[in-house]
Amino acid sequence: MAKVKSIYACTACGYEAPRWVGRCPGCGAWNTLEESIAALPEKAAAGGTKLAANQRPGTGAAPLLLRDIPEDTALRSPTGISELDRVLGGGIVEGGLMLIGGDPGIGKSTLLLQVCANMAAENKRVLYISGEESARQIKLRARRLGIDTPGLYVLAENALDAVESRLREVQPEVAVVDSIQTMYRPEMASAPGSVSQIRESTSLLMRLCKETGTAMFVVGHVTKDGAIAGPRMLEHMVDVVLYFEGDRQQDYRLLRAVKNRFGSVNELGVFRMTGQGMQVVLNPSEELLSHRAQGASGSTVFCGLEGSRPLLCDVQALTSQSYLNAPRRTVNGADTGRVAMLLAVLEKRAGQRSYNQDVYINVAGGLELSEPAADLALCVAVASSLKDRAVGAEVAVMGEVGLAGEIRPIPQCDRRVAECVRLGFTTLVVPKENARRIRNVPDSVHILGVDTVMQALSVLF
């Protein structure tokens with residue numbers, strides 16, 4: 001029988017202490033240490049030192065020379081959902097542990113149930129494990145989504161010992177655990193959802209993935225500030241971290257990869273939530289611009305870059321006379337500090353006075369603009385509202401703005417321009433340094449290179 005010991009783990013950062021203290025030495029939070037019973041790991045079997053080129057962690061195999069390891073490319077299995085495959089880097093990798101987080105009701109369980117149905121339709125063994133819903137509830141959702149695929153197993157269980165035995169019994173190629181906060185190990189005294197339970201549960205699932213080669217999706221809830229519940233070490237343990245974003249009051253859902261050991265990060269997938277489940281949006285730029293107001297001031301089109309995908313969006317600004325001592329600055333979809341800096345640049349370098357104006361910024365469609373290339377589009381939108389003059393419907397704007405009012409070059413401008421041309425934009429305002437390098441543009445498209453914010457405003461207005 002394995003020895004047991006009592007430890008105290010911080011619920012905020014995961015710091016472990018041999019005895020209780022009032023203030024966590026790791027993060028400084030008060031009264032966050034909880035007692036739990038942790039079992040010591042068993043020693044690896046002495047006979048498990050067989051030299052194997054396909055060894056996985058946890059098997060007790062002997063070390064290998066780097067040159068003796070075969071250079072096999074990781075096998076990927078398509079999920080049947082093109083946007084999810086794009087975010088994952090081409091599909092599901094054998095033995096990968098993938099974490100997907102998002103707000104409650106955003107559509108995580110719906111998307112994963114569709115993935116399970118698609119994989120089962122390809123004659124793969126799939127196991128859907130739910131610690132939040134009964135098997136009957138999952139059946140009702142599957143009926144609503146029109147899923148009746150043979151080979152899809154469902155297990156309603158939240159005890160990790162039972163889950164482990166069923167995983168070894170069924171030996172699925174793809175598994176889903178919904179959610180990690182509901183799973184618990186019976187031998188531990190802490191409650192489900194605590195730091196120690198989440199850590200031990202994720203560690204056990206990770207070991208199972210590497211030993212058996214099962215690809216596994218793990219659902220994680222998010223906290224009020226948007227981080228996945230539990231300490232950040234949960235994200236460090238898994239291979240892939242996906243975030244499901246979007247407003248539950250809108251149809252669009254955005255799936256973003258922030259960590260991917262098997263592919264590129266910062267890729268974006270766009271979905272639409274319908275009564276039949278998650279539907280792929282094949283042309284997101286056209287969808288995001290379809291409801292743009294024509295001839296309205298304060299609206300500017302910007303071409304952002306999400307991973308390898310150029311994405312056009314509508315950047316909106318509204319200014320109105322303020323009767324407050326401190327005018328309002330309300331920003332949705334962009335960084336508030338960055339907007340404040342751009343307003344100062346507009347006032348100092350371009351003479352656009354906003355000190356007595358309430359300024360409202362919105363990026364339509366629920367997108368989050370984090371790249372500096374959106375600076376010029378934000379400035380043009382604010383100036384358009386201040387002047388009450390509309391920017392042409394065929395105009396797209398992009399460029400980074402410095403504190404001196406200069407326009408700096410942006411990365412991959414050729415790809416952005418090509419997307420704008422494909423959607424019919426004929427006037428593109430870009431940094432002059434980028435304009436010199438752009439080639440193969442139709443004669444009907446005018447590329448306007450600008451050096452300063454003042455020059456950009458004089459060209460457009």
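Let's start with two helices, α4 and α5. Helix α4 covers residues 160–170 and helix α5 covers residues 195–212, and their axes come within 11 Å and cross at roughly 10 degrees. An angle under 35 degrees counts as roughly parallel, and α4 and α5 are therefore roughly parallel to each other. Please keep in mind that this is a predicted model.

Who makes the contact? On the α4 side you'll find L160, E164, L167 and R168, and on the α5 side S201, L204, L205, L208, E211 and T212. In character, the residues of this contact divide into five nonpolar, two polar and three charged.

Now let's move to the sheet. It is an open sheet of nine strands with mixed pairing, and if you want to trace it on screen, the order is β8-β7-β9-β10-β6-β11-β12-β13-β14. Which strands stand at the edges? They are β8, residues 152–156, and β14, residues 277–280. Each has a single partner strand, so one side of each is left without a neighbour in the sheet. Neighbouring strands here are turned by 25 degrees against each other on average, direction ignored.

Helix α2, residues 108–121, packs on this sheet. Among the strands that α2 touches are β6 at 97–102, β10 at 215–221 and β12 at 252–260. The edge strands β8 and β14 are touched by α2 as well. The direction of α2 makes about 160 degrees with that of β7.

Let's zoom in on one pair of strands. β7, residues 126–130, and β9, residues 174–178, pair in the parallel sense over five bridges. If you'd like a spot to look at, V126 stands opposite V174 in β9.

Next, the cysteines. A disulfide is a covalent bond between the sulfur atoms of two cysteines. How many disulfides does a search of the whole structure find? The search finds zero. Take C303: the closest cysteine sulfur is in C420, at 4.3 Å from the sulfur of C303, which is too far for a bond. The cut-off used for a disulfide is within 2.5 Å. C303 is also buried, with a relative accessible area of 0%. C209 is another buried cysteine, with a relative accessible area of 0%.

Finally, let's step back to the whole chain. The chain has 12 helices and 23 strands. Of its 461 residues, 46% count as buried. And if we take the contacts with a separation of 6 or more, residues 24 or more positions apart account for 65% of them.

Thanks for listening, everyone!

Methods: Residues are numbered from 1 along each chain as its sequence is written. This is a predicted model: local features need pLDDT of at least 70, side-chain atom pairs count only at pLDDT 80 or more; totals for chains, interfaces and linings use all residues. Side-chain values use heavy atoms; hydrogens and water are left out. Axes are lines fitted to C-alpha atoms, for helices over the stretch in contact, and angles run from 0 to 180 degrees between N-to-C directions. Helices (H or I, at least four residues) and strands (E, at least two) are DSSP runs, numbered from the N terminus. Angles under 35 degrees count as roughly parallel, over 145 as roughly antiparallel, 65 to 115 as roughly perpendicular and the rest as oblique. Contact means heavy atoms within 4.5 Å. Ala, Val, Leu, Ile, Met, Phe, Trp, Tyr, Cys and Pro count as nonpolar, Asp, Glu, Lys and Arg as charged, and the others, Gly among them, as polar. Two strands pair if DSSP finds at least two bridges between them. Buried means under 20% relative accessible area, exposed over 50%, partly exposed in between (1.4 Å probe, protein chains only).
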